Amino acid sequence: MKRVNFAFGRLNSLMNKQMRQYDVCVIGGGPGGIAAALSAARGGAKVLLVEKNGCMGGNLVIGLPLLGYLDKDGRQVTAGIAQELVDALAARNATYGHRWCPLHNSVTLYDHEQLRIILFEKLLEAKVDMLLHTELTRVNVDDGHIDSVTVFGKGWEIEVSAKIFIDGTGDGDLAYMAGARYEKGQDNCGKMQPPTLMCTVRGVELEKLWKFVEDDPEQMVWGSTVEMKEGYNADFFRASPNHVFVGLRKLFGQLREQGELPVDRDTLIYINSLVPGEVHLNCTRHLGVDGSDIIDLTRAEIEGHLQLPKLVECLRKHVPGFENAYLTQIYPFIGIRESRRFNGISTLKADSIIAGEIPEDSIGLGSYIIDIHDGGGAGTIVKKVPPYGLPYGVTVSADIDNLMLTGRCVSVDSVVMSSLRVMPTCMVLGEGAGTAAAMAVKKKILPADVNVKQLRKKLVENGVLMAPVEKKD
């Protein structure tokens, strides 16, 4: 026991401690956090961006597609920083751009390694200070106001004070540690959309798969809960490599009945890659997992790693085109679809997005499908919605006066969250929050007091869309 106590005391004596002061501190360098940091810095604020990984981007840089740039009719609804990144990729021949999709509304595939580089370039150009490999450990709150946060990494403990803090952690870790109120789960029942650990495989001959579904159209038939426009078929996939495949419900059902399907999923989902013969598999599903619970999260990560080799072997055995597929990468972390949603000064609810309401305080648009993976394993609900407004108030905490939110932890109900959780929409929310934070700092006011009319004017000047852009003939 004495040896343990001595070692602990020695670690304390060797710990490096530092204090820093900023106008805006963003915790979490995923899609929403990136956009928030960039827009705040471009607005004149001194900004720190804290990220737990060794690069910026989070889900932006691990193999997922970008969904939600176009609405169900093919009109562009997402621009601003989200479009700026795609333009930067296009300049390096590192994206296929946006393609309309009968199921997902649109798909945008790109080179994730190139985006890692682009994000650092953009952040450095905007003079954003960054801390990588750094975790949030403490939030110091006084009378509903965050005075400072403490972050830790590699023996460094850094206390950061700021005028405004922005939570870009996805699960709302900063808001949670600050004591802000939140909700979790679908229909207030506590069940959350199951997470997925994805992987990359090579050696796939996609033409064989497309011929298979062409010869057996029932493989592309979905259940009654899925809304889809016509044309999602083999010809669609052949027409462009810029696609996401969701199908084989018939085959997966048979495999499940035979006890040969190692994942709790009713369809094969692959995301095509810019590399020929390579696809990203989105197939594991871990029921009863709360992504904000470290015990659940650990269990799901382990389950996913053990399931993926079995999944690849199952595909090699039963799915045309995958006979020679082999695993090349397991994603560095599991993908969480749903966890905490925090109370804002306004809340966006399902009725509003189904009606396509665009209120006067909108800071941008969403239009991705309502996409609910049932927490009990019953399947997936897909419903198309018109473009809808993202009210500024969903990004402003109702409980902590200098706390803002971005990404899927904003103030919405579970149905709305299933639509706005996609990365381009998270970037729209982040750009709105970051721009507002810079305005608040400059005027020495709180986020709740920002003039939304002036905020919208600035966002439009920076390329954010407040109405869909009609398709060009």
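This report walks through salt bridges, aromatic pairs, a helix face and a surface patch in a predicted model.

**Salt bridges**

Let's start with charge. Side chains of opposite charge can pair when their charged atoms come close. The structure holds 31 salt bridges, and three of them are set out below.

| Pair | Closest N to O distance |
|---|---|
| Lys-163 and Asp-23 | 2.9 Å |
| Lys-122 and Glu-84 | 2.9 Å |
| Asp-290 and Lys-184 | 2.5 Å |

Take Lys-163 and Asp-23, whose closest N and O atoms are 2.9 Å apart. Lys-163 sits in strand 8 (residues 156-167) and Asp-23 in strand 1 (residues 16-27), so this bridge ties together parts that are 140 residues apart in sequence. The two ends differ in cover: Lys-163 is partly exposed, with a relative accessible area of 43%, whereas Asp-23 is buried at 16%.

Next come Lys-122 and Glu-84, also with 2.9 Å between the closest N and O atoms. Here the bridge runs from helix to helix, because Lys-122 lies in helix 4 (residues 112-125) and Glu-84 in helix 3 (residues 81-91); the parts it ties together are 38 residues apart in sequence. Is Lys-122 buried or exposed? With 17% relative accessibility, Lys-122 counts as buried, because the cut-off for that label is under 20%.

The third pair, Asp-290 and Lys-184, meets at 2.5 Å, N to O. This one links distant parts of the chain: Asp-290 is in the loop between strand 13 and helix 9 (294-318), while Lys-184 is in strand 9 (residues 182-184), 106 residues apart. Asp-290 is buried, with a relative accessible area of 11%, and Lys-184 is partly exposed at 27%.

Some charged residues go beyond simple pairs. Glu-207, Glu-214, Asp-235 and Arg-238 are joined in a network of salt bridges.

**Helix 6 and what it packs against**

Which residues of helix 6 are buried? In this helix (residues 206-215), they are Leu-206, Leu-209, Trp-210 and Val-213. They cover an arc of only 95° around the axis, so they end up on the same side of helix 6. What do these buried residues pack against? Their partners are helix 7 (234-239), strand 11 (244-247), strand 12 (268-272) and strand 13 (279-281).

**Aromatic rings**

A pair of aromatic rings is described by the distance of the centres and the angle of the planes. The structure holds seven aromatic pairs. One of them is Tyr-232 with Phe-237, an edge-to-face pair with 5.1 Å centre to centre and 80° between the planes. Phe-237 also pairs with Phe-236, again edge-to-face, at 5.7 Å centre to centre and 75° between the planes.

How covered are these rings? Tyr-232 is buried at 5% relative accessibility, Phe-237 is buried at 0%, and Phe-236 is buried with a relative accessible area of 10%. Ring pairs carry on from here, linking Tyr-232, Phe-236, Phe-237, Phe-245 and Tyr-270 into a cluster.

**A nonpolar patch on the surface**

Finally, over to the outside. Tyr-176, Met-177 and Tyr-182 make a nonpolar surface patch of about 270 Å². Met-177 has its place in helix 5 (residues 173-178). Why does Met-177 count as partly exposed? Its relative accessibility is 34%, and partly exposed is the label for values between the under 20% of buried and the over 50% of exposed.

Terms used. Residues numbered from 1 in each chain as written. Predicted model: local features only at pLDDT ≥ 70, side-chain atom pairs only at ≥ 80, totals over all residues. Heavy atoms only, no water. Patch = residues over 30% accessible without salt bridge, like charges linked within 9 Å, V, L, I, M, F, W, Y side chains within 5 Å. Areas by Shrake-Rupley, 256 points an atom, 1.4 Å probe, with all protein chains shown as cover. Salt bridge = Lys/Arg side-chain N within 4 Å of Asp/Glu carboxyl O. Helix = DSSP H or I, 4+ residues; strand = E, 2+ residues; numbered from the N terminus. Buried < 20%, exposed > 50% of the residue type's maximum accessible area, 1.4 Å probe, protein only. Arc of directions from axis to C-beta. Contact = heavy atoms within 4.5 Å. Phe/Tyr/Trp six-rings, centres within 6.5 Å; stacked < 30°, edge-to-face > 60°.
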